[in-house]
Amino acid sequence: MVGGGAADLSPSVAVKIFSAGTAGCVAELVTFPLDIAKVQGESKPSLEMIKYRGVFGTIFTIVKTEGPRSLYNGLVAGLHRQACFASVRIGLYDTMKQVYTNGSENAGIGARLLAGSSTGAMAVAFAQPTDVVKIRFQAQVRLAASGTAKRYSSTFDAYKTIARDEGVRGLWKGCLTNITRNAIVNCSELVTYDIIKELILNYNLMTDNMPCHFTAGFAAGFCTTIVVSPVDVVKTRIMNSPPGRYSGAINCAFIMLMKEGPTAFYKGFIPSFLRLGSWNIVMFMSYEQIKRAIIRYQQSRDSAL
């Protein structure tokens, strides 16, 4: 990613991978209650939805009825996911950009899109088990609320149980579908951030510092929500539909478009943007600062020798 500060001089691939993984965990820690609120709100029957009106209404209800700690149910699985996903899809983005441009620093939009989709797909292929475990834990929280016994006692127990009962392949369930979605998300987030930050610096609108990173992160979250919302709405519609209603994702999207119009693909846009927008802001600001802190430490260590 572009940068002009002295502390940004040639961070190694290892620094970028570590910074990205750590920043992903920081963002997950800060925004996890929004994810829990989204999952909890979507899982409630229509008669109970009055208690879960809006993201912040849902958070308030969860805290009131289940306690503050319930906002972080499954956090360990979420941190595992981000440590693996973010380190690969974000940490290797600049490296893949140089691969597609034969080492040139002037990457076009095509090379950026290819780099984003490549690292997004690589992250899923490498870290899909962490996503499977996170989803199972969120499902377990919903089942526990209805009185069903817990299936997994801990995050590590979930990995062992899934591998034992379903085989190692069970940890990679839904891998191909997730590769497609993550490639789209990664392109939206990283390419938007990269281009917006580059424009801000090229036109001297801001210096390469936190306000610039906040603005570019906000834009990345907004664009990602616009691109990903239709995919998520169709996915949720299919998951909640009775068997046989839709023959596939394309059929579902076509029926929605014909019966409900284009706006149907953006139902729940505000809650999605609150979650994705805040995650991108926190993650990119953390990524830039962690990367710089490591470079400053390395420079001070080398100068002391």
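# A guided tour of an all-helix chain

Begin with the whole chain in view: among contacts between residues at least 6 apart in sequence, 74% join residues at least 24 apart. Keep in mind throughout the tour that this is a predicted model. If you colour the chain by secondary structure, you will find 10 helices and 0 strands, so that reading along the sequence gives the pattern α-α-α-α-α-α-α-α-α-α. Of the 305 residues in the chain, buried residues make up 47%.

**First stop: helix α3**

Select residues 75–89, which form helix α3, and look at the two ends of the helix. With 15 residues at 1.5 Å a residue, the helix should span 21 Å, and this agrees with its end C-alpha atoms, which are 20 Å apart. Now show the side chains of α3 and ask which of its residues are buried. They are Leu75, Ala77, Gly78, Arg81, Gln82, Phe85, Ala86, Ser87, Val88 and Arg89.

**Second stop: where α3 meets α6**

Two packed helices are described by the angle between their axes and the distance between the axes. Add residues 155–166, which form helix α6, to your selection, and you will see that the axes of α3 and α6 come within 9 Å and cross at roughly 75 degrees. Angles of 65 to 115 degrees count as roughly perpendicular, and therefore α3 and α6 are described as roughly perpendicular to each other. To see the residues that make this contact, select Val76, Ala77 and His80 in α3, which meet Thr155, Phe156 and Tyr159 in α6. The residues of this contact divide into 4 nonpolar, 2 polar and no charged.

**Third stop: salt bridges**

Turn next to the charged side chains, among which the count comes to 22 salt bridges. Select Glu28 and Lys134, whose side chains meet in a salt bridge with an N to O distance of 3.4 Å. This pair links distant parts of the chain, since Glu28 lies in helix α1 (residues 13–43) and Lys134 in helix α5 (residues 109–145), 106 residues apart. Are these two residues, Glu28 and Lys134, buried or exposed? Both Glu28 and Lys134 are buried.

Move along to Arg112, which forms a salt bridge with Glu198, their closest N and O atoms being 3.1 Å apart. Here too the pair links distant parts of the chain, with Arg112 in helix α5 and Glu198 in helix α7 (residues 175–202), 86 residues apart. Arg112 counts as buried because its relative accessibility is 6%, whereas Glu198, with a relative accessible area of 22%, is partly exposed. If you widen the selection to Lys16, Asp94, Lys97, Arg112, Asp194 and Glu198, you will have a set of residues that are linked in a network of salt bridges.

For another salt bridge, select Glu260 and Lys267, whose closest N and O atoms are 3.1 Å apart. Glu260 is partly exposed, with a relative accessible area of 33%, while Lys267 is exposed, with a relative accessible area of 52%.

**Last stop: Arg292**

Finish by selecting Arg292, whose place is in helix α10 (residues 269–304). With a relative accessible area of 8%, Arg292 is buried. Add Val15 to the selection and compare the positions of the two C-alpha atoms: Arg292 and Val15 are 277 residues apart along the chain, and their C-alpha atoms are separated by 9.5 Å.

Notes
Residues numbered from 1 in each chain as written. Predicted model: local features only at pLDDT ≥ 70, side-chain atom pairs only at ≥ 80, totals over all residues. Heavy atoms only, no water. Helix = DSSP H or I, 4+ residues; strand = E, 2+ residues; numbered from the N terminus. Expected span 1.5 Å × (residues − 1). Buried < 20%, exposed > 50% of the residue type's maximum accessible area, 1.4 Å probe, protein only. Axes fitted to C-alpha atoms, helices over the stretch in contact; angles between N-to-C directions. Parallel < 35°, antiparallel > 145°, perpendicular 65-115°, else oblique. Contact = heavy atoms within 4.5 Å. Nonpolar A, V, L, I, M, F, W, Y, C, P; charged D, E, K, R; others polar. Salt bridge = Lys/Arg side-chain N within 4 Å of Asp/Glu carboxyl O.
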